[in-house]
Amino acid sequence: MKHQALALTLASLLAAMNAQAFTLMNAFNTTDGARTGGAEILAYTTDMNTLLSTVGDNAGGSFGVQVLTLGSNASLTERGFVDMSSTFGATGNWNGASSVSVDPLGRGWGAVSLIPSASTTTSGKVAFFDYRNPAALVTLDVGFHPDSVKFSADGSKLFVVNEGEFISGTANAPGSISIIDLTGINTLADVNSTNITAGDVSTFDFSSANLASGVTLAGIRNHSIAAVGTSGTFISAVPDFVALAGSDPDFYKGMEPEFLVQNGNKLYVSMQENNAIGTFDLTTNKWEKISSLGTIQQTIDASDQDGGANINDLVRGLPMPDTIAHYSVSGTSYIVSVNEGDARTDDRDISRFGDIAGSDSMNNILDTTLFPTTQTGVRDNSVLGRLNVSRLDGDTNADGKIDTPTMIGTRSFSIWNADTGALVWDSGSLESVLLGLDPTMHNNNQNSFGTAPNTDSRSDDKGPEPEALTVGQFGADMLAFVGLERQGGTLVYNINDPNNPSYVGYISAGENYANGLVGPESMVFISAADSPTGSAMLVTGYEITNGISVYSVPEPSRAMLGLVGVAFVALRRRRVS
């Protein structure tokens, strides 16, 4: 009861602060001009106040980039559409546009990554386009299943992260990064097929030739090699990833990079399914480090059948971040990660901890000297029985059996030392924070659009599912914005001190839901200096409903922040005591 009372006290303080801190200036939905299938990934440039939005699959059977103008009143108006539908031939040959980036110097061009339907056997592509007068300019082959693109800070390169996503029953295509050399491309007129050619593309997978001396994949999680099982059957034994890295010549093909950030001559690359972050050296063109992220112990609500919000289950989780961000403090580099977690596309590497029958039974892979073979005790549906856990992790004594149930994702966001890979700080499960802020929606599945809120519906899976992330400098403060894909809201933290971030505010899932904004997937922070409105803004793309929100982000009251900080610390102490 004390926990609940304190949470409600915190909620009232937060509500007062949020009223002054975040204002929804525009909810731009498909009825307003947003394209169906759009708004998954966004990019912004001050050149013509341009906002770019990927369109994965438009209702008209097209895909590409919607080019929008962000107005002085936060309005969004379509300037044009870059149609890439003919890239792979017939409609059935393409999967869609996966990511977009814009030249950081505002010289008139952007780039979009394109995925074919046969993504494990056909190379993906990147297209450069004119956003001032929207039109495609140059298309190049890159690696398999390009998942994200980003220009270098000086615009002289384009980085492409090729996930090589595993699909059961097909060839296992290697993940990689492609680097496109844009040296000598200075004006929009330079962006053509004569100046940018296949010879400017270099691709680096995780084979031994691309690893720096002493770097190994031994011990890195790998869900898609033959020894694990790739035919669509449930994994039946916990693999030894140290031994397999040395014995399986295709082990490197199971590396699946997802997203990258640049810091000088280094690229930091999230490898979600591998639960790792890779560091690539641009001076040597080698992977200089592959750092496993290990596990983080969390207190969570593990069941959707325990009668409501009961955040009292202690479980280890794999961070498995998708989106990451970089910032520096006093010369030290840090990586911020949102720890979503992800399973194979066929879900054969996860099961409910309480499954005792059928092909997905956990009984054949659990150490039954530690756990019952029936749905009793810790495996009861009201305890951990409903929780989806990994079939690849948690073997502590190398006998192929699970000794420690391990969930995918940690329901948190973290800060890591970029150079050492060490965990600096973790938020803990965001469920407790959300319970104080939005008691009816701490683990609600907003992706079930049109259904009544059910606060417990995602407790058995990945909880609120932190997915979207951006960081931005706001005066003297570095802010991190964490979008919760399933729950639907956004949490904001001050991360000036990476050892002790502080809560700043919350963009309500309920407000987003009421305005048709469901499934935050990507975010762009626009500083006041770069904003056409003159105030800082957070622009968010929503994958499920294809809408875009524009929120103003004025500086919150310092006095109010102090009160909130005291309440927040007290809540965390109560939760862990």
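**Questions on a predicted model**

Visitor: How many contacts beyond four places in sequence does the model have for residues 1–12?

Guide: Over residues 1–12 the pLDDT (the predictor's confidence in each residue, from 0 to 100) stays under 50. A contact means heavy atoms within 4.5 Å. Beyond four places in sequence, the contacts in the model for residues 1–12 number 19.

Visitor: What pLDDT does the protein chain average?

Guide: This is a predicted model, in which local features need pLDDT of at least 70, side-chain atom pairs count only at pLDDT 80 or more, and totals for chains, interfaces and linings use all residues. Residues are numbered from 1 along each chain as its sequence is written, and side-chain values use heavy atoms, with hydrogens and water left out. In the protein chain, 89% of the residues score at least 70. The average pLDDT is 90.

Visitor: How many strands does the protein chain have?

Guide: Helices (H or I, at least four residues) and strands (E, at least two) are DSSP runs, numbered from the N terminus. The protein chain has five helices. Its strands number 33.

Visitor: Why does Glu163 count as buried?

Guide: Glu163 lies in the loop between strand S11 (157–162) and strand S12 (176–181). Residues more than four places away that it touches include Phe144, His145 and Glu273. Buried means under 20% relative accessible area, exposed over 50%, and partly exposed in between (1.4 Å probe, protein chains only). Glu163 counts as buried because its relative accessibility is 2%.

Visitor: Which residue's backbone nitrogen does the side chain of Asp497 reach at 2.9 Å?

Guide: Asp497 sits in the loop between strand S29 (490–494) and strand S30 (502–507). With a relative accessible area of 36%, Asp497 is partly exposed. Its side chain reaches, at 2.9 Å, the backbone nitrogen of Asn499.

Visitor: Which strands stand at the edges of the open sheet S1-S33-S32-S31?

Guide: Two strands pair if DSSP finds at least two bridges between them. Four strands form this sheet, with antiparallel pairing. An edge strand has a single partner strand, so one side of it is left without a neighbour in the sheet. The edge strands are S1 (23–28) and S31 (520–526).

Visitor: What is the bridge partner of Met537 in S33?

Guide: Strand S32 (residues 537–542) and strand S33 (residues 548–552) run antiparallel and are joined by five bridges. In S33, Met537 has as its bridge partner Ser552.

Methods: A polar contact is a pair of N or O atoms within 3.5 Å; within protein, one must be able to donate a hydrogen and the other to accept it, and residues adjacent in sequence count only if both atoms are side-chain atoms.
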